[in-house]
Amino acid sequence: MTPALRRFFAHESAGGIVLAVAAALALVVSNSPLGASYAAFLKLQGAVSIADGWLVLAKPLVVWVNDLWMAVFFFVVGLEIKREFVEGELASRSQAILPAAAALGGMAVPALIYAAINHADPVALRGWAIPSATDIAFAIGIVTLLGSRVPASLKVFLTAVAIIDDLGAIGVIAVFYTSQLSLGMLLGAGACLAGLWGLNRAKVTNVGVYVVLGLVLWVFVLKSGVHATLAGVATALAVPMRRPDGGSPLEDAEHALHPWVAFLVLPVFAFTNAGVSLLDASASVLLAPVTLGIAAGLVLGKAVGVFGSVWLLVRAGWAVLPAGAAWRQVLGVSLLCGIGFTMSLFIGGLAFEGNPLLETELKLGVLGGSIIAAALGAWVLTRKT
């Protein structure tokens, strides 16, 4: 296991605990006498004026978190994706084939289950991608807490699956969750992308230069109709992997930012997005097609998609199980892939924006499904037979 992966596991495991605390706190506050204050807090308006009013960005707090703060998260995700595909666990076809197939199966089956349950409602059907996501912080946090019960090779496999899953989620957001496009702003974004490519080709290794141009890109993407967080991914992919002296600007940036993302950005996202009032939650909401579709997709769909893909490839002789891993352990990790949380809430927010009822069903489905998947995965992994 590389030093970069060891640092990654350390941040993700501890970050998963902080993330869980933040989500729990949001649930407690939103179901307490402070619930109204919590809702008002999320709606606090913040505005930024650029060039004496030429461009004004005015948004409530929760949107600033989801659009700007999460762009930092996606920047780190982009760094992780590039590192793994250039020099990491996904750098060769033989290394990538098993987690890639598992990730694709783990995205497709949950989406199909959700679509089957919600096919009659075109509005609800917009959430088909919600249960396709895996929250790497929670999943890695659990396998790390389980220690030697999960082989190191299987932890690396889980990380690779989650990273490819993130790549798929980025593609889904870019293609399916965009609003009306602005040609002028897209051209501006294209110019920024060309600038980032030029910096990379010129072998500029100062990450700060990429970040400054990435902020300009973020503004153009925000106003273009494409979701602004994708600017973070695009900027990250332009950061050079190596310096002439052998150092890594990409790994330096990832190492510097990962603690901030794990212990600040994601917990703030969780606190502002996981709050849902259970006081008025009726049986109809708990058993609504959206709630059930998300929960079933996360718990059943992820396990079937990930485990089934691994089983098919190994039985066909196209891949081998991670070293030292038993089929029971693969099943346990497949269940943990059903912890959707961060990315599921994020995609759901895009799919159901402005629809309070569906947003409530979204949160109940994601929280419920993720908790069940975590509990089942941990139970399977801790069994001795």
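Is helix 14 mostly covered or mostly uncovered? Helix 14 is mostly covered, with 7 of its 10 residues buried. The model is a predicted one. Its chain contains 16 helices and 2 strands. The radius of gyration is 20 Å, close to the 21 Å given by the globule rule for 385 residues, so the chain is as compact as a globular protein of that length.

**Overall dimensions and surface**

- Taken along the principal axes, the C-alpha atoms of the chain fill a box of roughly 65 × 60 × 35 Å.
- Buried residues make up 52% of the 385 residues of the chain.
- The chain exposes about 16,400 Å², and 70% of this area is supplied by carbon and sulfur atoms.
- Counting contacts between residues at least 6 apart in sequence, 79% join residues at least 24 apart.

**Nonpolar cores**

- The largest nonpolar core has 88 residues, and F73, F74 and F341 have the most contacts inside it.
- Helix 7 (residues 152-176) gives this core its largest share, 12 residues.
- Another core, of 24 residues, lies apart from it and has C192, L217, A228 and M241 among its members.
- In soluble globular proteins, nonpolar side chains tend to be buried together.

**Helix 14 and the loop before it**

- The buried residues of helix 14 are Q329, V330, G332, V333, S334, L335 and L336.
- These buried residues pack against helix 6 (136-145), helix 7, helix 13 and helix 16 (356-382).
- P322 sits in the loop that runs between helix 13 (289-316) and helix 14 (327-336).
- The relative accessible area of P322 is 13%, which is under the 20% limit, so P322 counts as buried.
- Setting aside residues up to four places away in sequence, P322 touches L98, S153, L154 and F157.
- S153 is 169 residues from P322 along the chain, yet their C-alpha atoms are separated by 5.5 Å.

**Helix 15: F341 and T342**

- F341 belongs to helix 15, and its phi is near 20°, a positive value in a residue other than glycine.
- With a relative accessibility of 2%, F341 counts as buried.
- Beyond its neighbours within four places in sequence, F341 is in contact with L19, A23, D135, F138, A270, A274, V366, L367 and S370.
- T342 is also found in helix 15 (residues 341-351), and its relative accessibility of 3% makes T342 buried.
- T342 touches L19, M70, D135, L266 and F269, with residues up to four places away in sequence not counted.
- L19 and D135 thus appear in the contact list of F341 and in that of T342.

**Helix 9 and its two ends**

- Why does the length of helix 9 agree with its number of residues? At 1.5 Å a residue, the 18 residues of helix 9 (residues 207-224) should span 26 Å, and the end C-alpha atoms are 25 Å apart, which agrees.
- The buried residues of helix 9 are V207, Y210, G214, L217, W218, V219, V221, L222 and S224.
- One of them, L217, is a member of the core of 24 residues.
- At the start of helix 9, a side-chain oxygen of N206 comes to within 2.9 Å of the backbone nitrogen of G208.
- Just after helix 9, G225 has a positive phi of about 110°.
- K203 lies in the loop between helix 8 (183-201) and helix 9.
- Although K203 is not a glycine, its phi is positive, at about 60°.
- K203 counts as exposed, at 64% relative accessibility.

**Strand 2: K59**

- K59 is part of strand 2 (residues 55-60).
- Is K59 buried or exposed? K59 is buried, with a relative accessible area of 17%.
- Without its neighbours within four places in sequence, K59 is in contact with L44, Q45, G46, W64, D67 and L222.
- Of these partners, L222 is one of the buried residues of helix 9.

**Helix 16: G368**

- G368 is found in helix 16, where its relative accessibility of 27% counts as partly exposed.
- The C-alpha atoms of G368 and G184 are separated by 42 Å, and the two residues are 184 residues apart along the chain.

Technical notes
Residues are numbered from 1 along each chain as its sequence is written. This is a predicted model: local features need pLDDT of at least 70, side-chain atom pairs count only at pLDDT 80 or more; totals for chains, interfaces and linings use all residues. Side-chain values use heavy atoms; hydrogens and water are left out. Helices (H or I, at least four residues) and strands (E, at least two) are DSSP runs, numbered from the N terminus. The expected span of a helix is 1.5 Å times one less than its number of residues. Buried means under 20% relative accessible area, exposed over 50%, partly exposed in between (1.4 Å probe, protein chains only). A polar contact is a pair of N or O atoms within 3.5 Å; within protein, one must be able to donate a hydrogen and the other to accept it, and residues adjacent in sequence count only if both atoms are side-chain atoms. The radius of gyration is taken over C-alpha atoms; the globule rule is 2.2 Å times the number of residues to the power 0.38. Contact means heavy atoms within 4.5 Å. Accessible areas come from the Shrake-Rupley method with a 1.4 Å probe; for residues, only the protein chains shown count as cover. A nonpolar core is a set of buried Ala, Val, Leu, Ile, Met, Phe, Trp, Tyr and Cys residues joined through side-chain atoms within 4.5 Å.
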